[in-house]
Structure formats: C-alpha cells, structure tokens
Amino acid sequence: MLLSNITQFSPMFYLTGFPGLDTIEHWIFIPFFLMYLVAISGNCFILIVIKTNPRLHRPMYYLLSFLAFTDLGLSVSTLPTTMGIFWFKSHGIYFVACQIQMFCIHSFSFMESSVLLIMSFDRFLAICHPLRYSVIITSQRVIRAGLAVIFRGPVALVPLVLLLKTFPYCGPRVLSHSFCLHQEMIHLACTDTTFNNLYGLAVVVFTMMLDLVLIALSYGVILHTVARLASQEEQLRAFQTCTSHLCAVLIFFVPMVGLSLVHRFGKHVPLAVHLLMANVYLFVPPMLNPIIYSIKTKEIRHVISKLLSLRKVSTKSWS
C-alpha cells in the first residue's frame with residue numbers, strides 16, 4: 001500500500017542525455033565537468049574576494065556578489081542529474097526531486113534576470129546622473145533590493161509547483177533534457193493544463209521579459225547620454241563601465257529567448273536544437289560571467305595579480 005502511494009504521488013520521470021550518443025556519455029561529461037568547475041570555482045572566488053576585501057564592500061560589488069550567488073545556485077541545481085546521467089547512467093528521477101530541481105532552476109533564473117535589471121539601473125544612474133548616484137545607490141538599498149530579488153521568483157513559482165503535484169501523469173514520462181523544466185513536465189500531464197500554461201507564460205512575461213524591456217530602455221537612455229558627451233575618449237570611458245554588464249545581459253537573455261521560442265513554437269524543431277538551447281542557457285552564463293567580470297573589473301584583476309605574485313614568491317622560496 002505504501003509503495004502504491006509513493007508511485008501515485010511521486011511518479012518516476014526519466015531524463016535524457018544526448019540520444020544516440022549513449023556509448024560515449026562518459027566523454028560527453030568531460031566538457032560539462034569543466035564548465036561546472038569553471039562556474040562553481042569562479043563564482044565562489046568572486047564571492048570570497050568581495051567578502052574578504054573591505055574595499056569592495058560597495059553597492060556595485062554587492063550587486064556582483066548577488067549575480068555570482070545566482071550563477072552558483074543555477075550551476076548546483078543542474079549538477080546532480082547531469083552527473084548522474086553522463087557519469088553513472090542514472091536516468092530516473094522521482095517526481096518530488098524533479099519538482100525541487102525545476103523550482104530551483106527557474107527560481108535562480110528569475111533571480112539572475114532581476115539582478116541584471118538592478119545592475120542596469122545602477123549603470124544608468126552612474127552614467128546619466130553621476131552626481132546623484134552616491135545618494136540614491138546606497139549599500140542598504142542594494143541589500144534590500146537583493147532580498148526582494150531573492151523572494152520574487154520563488155514566490156511567483158509556488159502556484160506552478162503546487163499545481164504540478166495535483167496532475168496525473170501517464171505515458172513514458174520521458175523528459176528531453178538532463179534536468180527538469182516546467183515547460184516539459186507540463187506536457188506529460190494527462191489533463192487540462194491551460195491554467196498552468198497561461199500562468200507560466202504570465203510569470204515569464206511580467207518578470208523576465210519585463211526585465212529585458214526595462215534593461216533595453218536603460219541602455220537606450222545610456223547610449224543617448226554617451227552620444228552627447230564632448231569627446232570620443234569620454235564616450236569610450238563611459239561606455240566601458242557597461243561592457244561587463246552588457247555581456248552578461250546578452251549571454252543570459254539571448255539563449256533564454258531562443259529556448260522560450262523553441263518550446264512555444266518549435267514542436268517540429270529537431271531535438272538536438274532543444275538540447276543545445278537548454279544547455280547553452282543553463283551552463284554558459286554561470287561559466288562566462290566570472291571570467292568576464294574578472295577580466296573587466298579592475299579591483300578583481302588587482303586581487304588576481306596579487307595572488308599570482310604571492311604564488312610566484314612562495315614557489316621561488318620553496319625552490
């Protein structure tokens with residue numbers, strides 16, 4: 001009786017790696033492992049650097065730490081099932097575990113979108129209203145905004161997660177990725193899911209898509225302000241302060257929009273395209289963001305060069 005209840009309320013789903021490449025899945029895991037290694041170590045490094053350097057306890061770096069935290073959460077959310085499939089050939093996952101993973105992936109995605117929006121507002125004030133920047137952007141306000149960001153996505157997702165548990169699931173229950181996404185789980189339900197589809201679309205439109213529109217408006221005003229500066233040197237210096245954030249926006253939103261379009265309108269698109277878009281969306285931004293900010297942020301570059309010089313000194317002393 002207990003086993004039947006578990007089966008009824010926690011149906012087993014089956015995740016997919018790369019169809020047709022089962023024999024070389026161990027080798028496929030190597031690039032995924034390297035991406036995880038770069039993403040987790042890079043974002044942890046940024047968090048540790050900001051935490052241990054009092055000079056970096058400023059609003060701009062608090063925002064960067066929020067971005068590193070969301071990227072770290074996004075990487076850790078997909079790690080268990082991806083490793084299970086490509087290394088241990090474990091494709092099965094109970095509904096509750098799939099539900100938790102789906103909630104974490106979408107929550108951290110919404111958080112990252114919100115953090116990028118706050119960072120765009122930060123750049124907007126820094127370039128368009130530099131004299132008022134230090135008055136408006138304070139550490140306390142940034143921390144409060146960060147807490148609001150942390151709760152916005154998960155709260156909006158709670159109804160979707162709860163409703164998924166009430167649906168019956170039939171058929172093979174095979175998902176086409178190595179992780180759980182709401183867009184796929186809802187298609188396996190053997191009942192009317194109109195409300196979930198509409199609510200999920202509304203959440204995406206009024207969170208991530210709205211964030212993208214507001215970010216685009218911010219950069220429109222920034223470009224207009226930069227174009228009015230007197231010299232090209234001032235224009236270049238002003239715009240260089242936005243390059244890291246602009247790269248982060250592009251590598252997050254371009255795959256996200258592509259994945260959404262493929263899921264909504266690409267029913268006849270090859271499965272390889274779905275897999276590619278989903279993997280780029282979830283794995284590339286957490287890997288590239290710490291690299292971009294380590295290269296483009298002067299203070300973090302200074303810390304890295306200092307650590308490298310200390311390592312050289314210690315190596316010479318041992319030799």
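A salt bridge here is a side-chain nitrogen of Lys or Arg within 4 Å of a carboxyl oxygen of Asp or Glu. With that in hand, here are the close-up views of this predicted model.

**Figure 1. The whole protein chain, with twelve helices and two strands.** Let's start with the overall picture. Read from the N terminus, the order of elements is α-β-α-α-β-α-α-α-α-α-α-α-α-α. Of the 319 residues in the protein chain, 45% are buried. For contacts between residues at least 6 apart in sequence, 79% join residues at least 24 apart. The accessible surface amounts to about 16,900 Å², and carbon and sulfur atoms account for 73% of that surface.

**Figure 2. The salt bridge between Arg 123 and Asp 122.** Two salt bridges are found in the structure, and this view shows one of them, with the closest N and O atoms 2.7 Å apart. Are these two partners buried or exposed? Arg 123 has a relative accessibility of 11% and so counts as buried. Asp 122 is buried as well, because its relative accessible area is 3%.

**Figure 3. The salt bridge between Arg 152 and Asp 211.** Here the N to O distance is 2.7 Å. The pair ties together distant parts of the chain: Arg 152 belongs to helix 6 (residues 139-166) and Asp 211 to helix 8 (residues 194-227), with their positions 59 residues apart. Arg 152 is partly exposed, because its relative accessibility is 30%. Asp 211, by contrast, is buried, with a relative accessible area of 1%. As background, side chains of opposite charge can pair when their charged atoms come close.

**Figure 4. The second largest pocket, with about 670 Å³ of space.** Which residues come closest to the centre of this pocket? Among the 25 lining residues, they are Met 60, Tyr 61, Arg 123, Thr 241 and Thr 297. You have already met Arg 123 as a salt-bridge partner of Asp 122. Helix 3 (59-86), helix 4 (95-128), helix 9 (232-240), helix 10 (243-265), helix 11 (271-296) and helix 12 (298-318) each contribute at least two residues to the lining. By class, the lining holds eleven nonpolar, six polar and eight charged residues.

**Figure 5. The surroundings of Val 226 in helix 8.** Val 226 has a relative accessible area of 8%, so this residue is buried. Leaving aside residues up to four places away in sequence, Val 226 touches Ile 127, Gln 235 and Ala 238. Leu 236 lies ten residues from Val 226 along the chain, and their C-alpha atoms are 8.4 Å apart.

**Figure 6. The largest cavity, with a volume of about 40 Å³.** The structure has two cavities of 30 Å³ or more. Thr 16, Gly 17, Phe 18, Phe 32, Phe 86, His 177, Ser 178, Phe 179, Leu 275 and Asn 279 line the largest one. Five of these lining residues are nonpolar, five are polar and none is charged.

**Figure 7. The second largest cavity, with a volume of about 30 Å³.** Asn 43, Ile 46, Leu 64, Leu 67, Ala 68, Asp 71, Asn 289, Pro 290 and Tyr 293 form its lining. Helix 2 (25-52), helix 3 and helix 11 are the elements that give two or more residues to this lining. Which of the elements gives the most? That is helix 3, with four residues. The lining of the second largest cavity has six nonpolar, two polar and one charged residues.

Technical notes
Residues numbered from 1 in each chain as written. Predicted model: local features only at pLDDT ≥ 70, side-chain atom pairs only at ≥ 80, totals over all residues. Heavy atoms only, no water. Buried < 20%, exposed > 50% of the residue type's maximum accessible area, 1.4 Å probe, protein only. Contact = heavy atoms within 4.5 Å. Areas by Shrake-Rupley, 256 points an atom, 1.4 Å probe, with all protein chains shown as cover. 1 Å grid on protein atoms, 1.4 Å probe; cavity = no way out; pocket = protein on both sides within 12 Å on 5 of 7 lines; lining within 4 Å. Points joined across faces, edges and corners; volume = space filled by probe spheres on them. Nonpolar A, V, L, I, M, F, W, Y, C, P; charged D, E, K, R; others polar.
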